[in-house]
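Please examine the sequence and the structure shown below. The paragraphs that follow lead through the whole chain and then to one place on its surface.

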Amino acid sequence: MAIILAIMARQQPYVLAFVDAVADHLRAIDVKHHSLIRQKIREQLVFEPDVETTNRKPLRQPAAFGAAWEIRFGPENRFRVLYDIEEEPRVVKILAVGEKQRDRLFIGGEEVEL
């Protein structure tokens, strides 16, 4: 009888880097949602930020803010985080945080087209 052990290497987490403008984007969103936004960013983007899911998808280029990816979350998927991935040195750069209102996206209080 042979015993084969499969050892999976622990995946190295990505570092989250926020551009300065994200602070302004968050000011335009009600403070009661800030903890949810922080939680979902950590939950969704520290490991496997480049895996497409129902609420995480690559954006058609050229996209707003130079983003390559988007996550959607919150009540009725109203929040959007636009980001880009740098494989070396494993950094997820958060480029914008916005709020969807019906069929319009607002980032920093300004309407943006995706």
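The accessible surface of this protein amounts to about 7,800 Å², and carbon and sulfur atoms contribute 50% of that area. The model is a predicted one. Of the 114 residues in the protein, 33% are classed as buried. Along the principal axes, a box of roughly 65 × 25 × 25 Å holds the C-alpha atoms.

The chain is organised into 2 helices and 7 strands. Read from the N terminus, these elements follow the order β-α-α-β-β-β-β-β-β. How much of the contact between residues with a separation of 6 or more joins positions 24 or more apart? Such pairs account for 49% of those contacts in the protein.

Charge is the next topic. The protein carries 17 positive and 18 negative side chains. The centres of these two sets lie 5 Å apart. On the surface, Glu48, Asp50, Glu87 and Glu88 form a negative patch.

One member of this patch, Glu87, may be followed further. Where in the chain is glutamate 87 placed? Glutamate 87 lies in the loop that runs between strand S4 (79-86) and strand S5 (91-101). Its relative accessible area is 38%. A residue counts as buried under 20% and as exposed over 50%, with partly exposed in between; glutamate 87 is therefore partly exposed. Patches are made of residues with over 30% relative accessible area, and the 38% of glutamate 87 meets that requirement.

Methods
Residues are numbered from 1 along each chain as its sequence is written. This is a predicted model: local features need pLDDT of at least 70, side-chain atom pairs count only at pLDDT 80 or more; totals for chains, interfaces and linings use all residues. Side-chain values use heavy atoms; hydrogens and water are left out. Helices (H or I, at least four residues) and strands (E, at least two) are DSSP runs, numbered from the N terminus. Buried means under 20% relative accessible area, exposed over 50%, partly exposed in between (1.4 Å probe, protein chains only). Contact means heavy atoms within 4.5 Å. Accessible areas come from the Shrake-Rupley method with a 1.4 Å probe; for residues, only the protein chains shown count as cover. Lys and Arg count as positive and Asp and Glu as negative; His and the chain ends are not counted. The place of a charge is taken as NZ of Lys, CZ of Arg, CG of Asp or CD of Glu. Patches are made of residues with over 30% relative accessible area and no salt bridge: like charges are joined within 9 Å, nonpolar side chains (Val, Leu, Ile, Met, Phe, Trp, Tyr) within 5 Å. A salt bridge is a side-chain nitrogen of Lys or Arg within 4 Å of a carboxyl oxygen of Asp or Glu.
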